[in-house]
Amino acid sequence: AVRAIGLNFADVFAIWGLYGATPKGEFTPGLEYAGVVQAVGTGVSHLQVGDRIMGVTRFGAYSSHLNIDARYAIPMPADWDFKTGAAYLVQTLTAYYGMATLGAMQRGHNVLIHSAVGGVGLQALKIAKAYGCFTIGTVGHAGKVEFALSEGYDKVIIRGKDFEQQLKDALGDKLLHLMMDSVGGPFFSIPFSMLAPMGRAVVFGSARYATASDKPNKLHLLRHFFTRPKVDPQRLVETNRAVLGFNLIWLYENAELLRSLLVELETLRLAPPHVGHIFTFDQLPDAVRLFQTGKTVGKVVITL
């Protein structure tokens, strides 16, 4: 029985028909949830009726009930509510796998995190700080700067025409080792050109394609598509840099890896995720529309 649902940008692109992993034909969106076990199947031993769990699913979470593979149902910490549980898995796994596994983040590295106060950005900050890293966050609106600094970013810059100079000033004499990119365009190209030898850019999203509308803006999409960054593989050899990309659907298909990552995350003892916006189930369309504007802070959660 679903009690809370977490929203993700993949939901928006799936609804628009622009997400490659979307099932064909009619489908129910939604990748993560929290709720209460109402029944268990034969052979399930780590869960029982009444357990409070959080989980991920390959779509379908915009629902009141789910029949889910037990491997993807994770017991929630006793002191968490359902909203917190629905805000944890996708963002935290995205941030941790991107930074620790693909990004090869090391203690003391200097890290740039785009969409600094989004769900992934805030979890990425906590993980980076657990590694003792210097963190630079980027935001799209000046109104988010103070909140980002209060959460613990060392430096915060606003994405704009002077982005390159802002980034240089924020780094000072430091090298840039890792970029977590969910924006694209020049905000990928500029820091990528500044990466240190063996620096890595991890791409986990493309928020710049989103617009605050119920249907995709084709002209907007085409403009960003044709101006997307181009990476020359030969230059990667010359500069000793790397670009890696992934989506959580791939991780979902590797249940054992997913569970091993969760075990590793437990050792970091991260603070609970920040839930910034709460809607009821009948307000779900409004929640999605707000999410598309880029004006949200932290996780957007739906309660049932």
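## Working through a predicted model

Let's start with a residue pair: Ile-278 sits opposite Val-301 of E12. Keep in mind that this is a predicted model.

**Exercise 1.** Work out in which sense E11 and E12 pair, and over how many bridges.

*Solution.* Take the strand ranges to begin with: E11 covers 275-280, and E12 covers residues 299-303. Now look at the pairing, which is parallel and runs over five bridges. Finally, add the helix: H12 (residues 284-292) packs on the sheet and touches both E11 and E12, with its direction at about 150 degrees to that of E11.

**Exercise 2.** Lay out the strand order of the open sheet and find its edge strands.

*Solution.* Write down the six strands as E4-E3-E2-E1-E12-E11, with mixed pairing. Then check the ends: E4 (73-75) and E11 each pair on one side only, so they are the edge strands. From one strand to the next, the twist averages 25 degrees.

**Exercise 3.** Find out what surrounds Lys-126 and whether it is buried or exposed.

*Solution.* Locate it: Lys-126 belongs to helix H4 (residues 119-130). Lys-126 is buried. Next, try for a salt bridge, using the 4 Å cut-off. The nearest side chain of opposite charge is Glu-151, 5.6 Å away, so no salt bridge forms. Leaving out residues up to four places away in sequence, Lys-126 touches Leu-270, Ala-271, Pro-272, Pro-273 and His-274.

**Exercise 4.** Compare the radius of gyration of the protein chain with that of a compact globule.

*Solution.* For 304 residues, the globule value is near 19 Å. The chain has 19 Å, which agrees. As for burial, 50% of the residues count as buried.

Definitions and conventions:
Residues are numbered from 1 along each chain as its sequence is written. This is a predicted model: local features need pLDDT of at least 70, side-chain atom pairs count only at pLDDT 80 or more; totals for chains, interfaces and linings use all residues. Side-chain values use heavy atoms; hydrogens and water are left out. Two strands pair if DSSP finds at least two bridges between them. Helices (H or I, at least four residues) and strands (E, at least two) are DSSP runs, numbered from the N terminus. Axes are lines fitted to C-alpha atoms, for helices over the stretch in contact, and angles run from 0 to 180 degrees between N-to-C directions. Contact means heavy atoms within 4.5 Å. Buried means under 20% relative accessible area, exposed over 50%, partly exposed in between (1.4 Å probe, protein chains only). Lys and Arg count as positive and Asp and Glu as negative; His and the chain ends are not counted. The radius of gyration is taken over C-alpha atoms; the globule rule is 2.2 Å times the number of residues to the power 0.38.
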